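Okay, hi everyone, thanks for making time. I'd like to walk you through a few spots on one structure, so have a look at the picture as I go.

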Amino acid sequence: MLAFLSDIQYWTQINHLIFLTLKKYLNAFDEYPVENFHSLVRRQTNAKVLTPEWLRRHGIFIDH
């Protein structure tokens, strides 16, 4: 999760609206799609990908 536990505890104490949003829509804050895509990129690329442009092209290809 992108928030630190101390942040969540603080938001709970002050009844901040972001805590209510997290509680209600926790599934929307999931990092799995991003991590899964990164894993696919790592598996499909090799040491020959030397520039950001090549990596971008591989990422677009994998995404399709």
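Let's start on the surface. Tyr25, Leu26 and Phe29 together make a nonpolar surface patch of about 290 Å². Keep in mind that this is a predicted model.

Take Leu26 from that patch. Where does Leu26 sit? You'll find Leu26 in the loop between helix H2, residues 17-24, and helix H3, residues 32-44. And is Leu26 buried or exposed? Well, somewhere in the middle: the relative accessible area of Leu26 is 47%, so we call Leu26 partly exposed. The cut-off for calling a residue exposed is over 50%.

Okay, on to the charged side chains. How many salt bridges does the structure hold? There are two. One of them joins Arg56 to Glu53, and the closest N and O atoms there are 3.6 Å apart. The other one I want to show you is between Arg57 and Glu53, at 3.2 Å from N to O.

You've probably spotted that Glu53 came up both times. Glu53, Arg56 and Arg57 are in fact linked in a network of salt bridges.

Now find these residues on helix H4, which covers residues 52-63. Arg56 and Glu53 both lie in that helix, three residues apart, and that's about one turn. Arg57 and Glu53 are both in helix H4 too, four residues apart, again about one turn of the helix.

How open are these side chains to the outside? Glu53 has a relative accessible area of 35%, so Glu53 counts as partly exposed. Arg56 is at 49% relative accessibility, so Arg56 is partly exposed as well. Arg57 has a relative accessible area of 52%, so Arg57 gets the label exposed.

Last stop, and we're staying on the helix: His58 lies in helix H4 too. His58 is at 30% relative accessibility, so His58 counts as partly exposed. What does His58 touch, if we don't count residues up to four places away in sequence? The answer is Gln44, Thr45 and Val49. And here's one more distance for you: His58 and Arg42 are 16 residues apart in sequence, while their C-alpha atoms are 9.9 Å apart in space.

So, to recap: we've seen a nonpolar patch made by Tyr25, Leu26 and Phe29, a salt-bridge network of Glu53, Arg56 and Arg57, and the contacts of His58 with Gln44, Thr45 and Val49. That's it from me, thanks!

Note on methods. Residues numbered from 1 in each chain as written. Predicted model: local features only at pLDDT ≥ 70, side-chain atom pairs only at ≥ 80, totals over all residues. Heavy atoms only, no water. Patch = residues over 30% accessible without salt bridge, like charges linked within 9 Å, V, L, I, M, F, W, Y side chains within 5 Å. Areas by Shrake-Rupley, 256 points an atom, 1.4 Å probe, with all protein chains shown as cover. Salt bridge = Lys/Arg side-chain N within 4 Å of Asp/Glu carboxyl O. Helix = DSSP H or I, 4+ residues; strand = E, 2+ residues; numbered from the N terminus. Buried < 20%, exposed > 50% of the residue type's maximum accessible area, 1.4 Å probe, protein only. Contact = heavy atoms within 4.5 Å.
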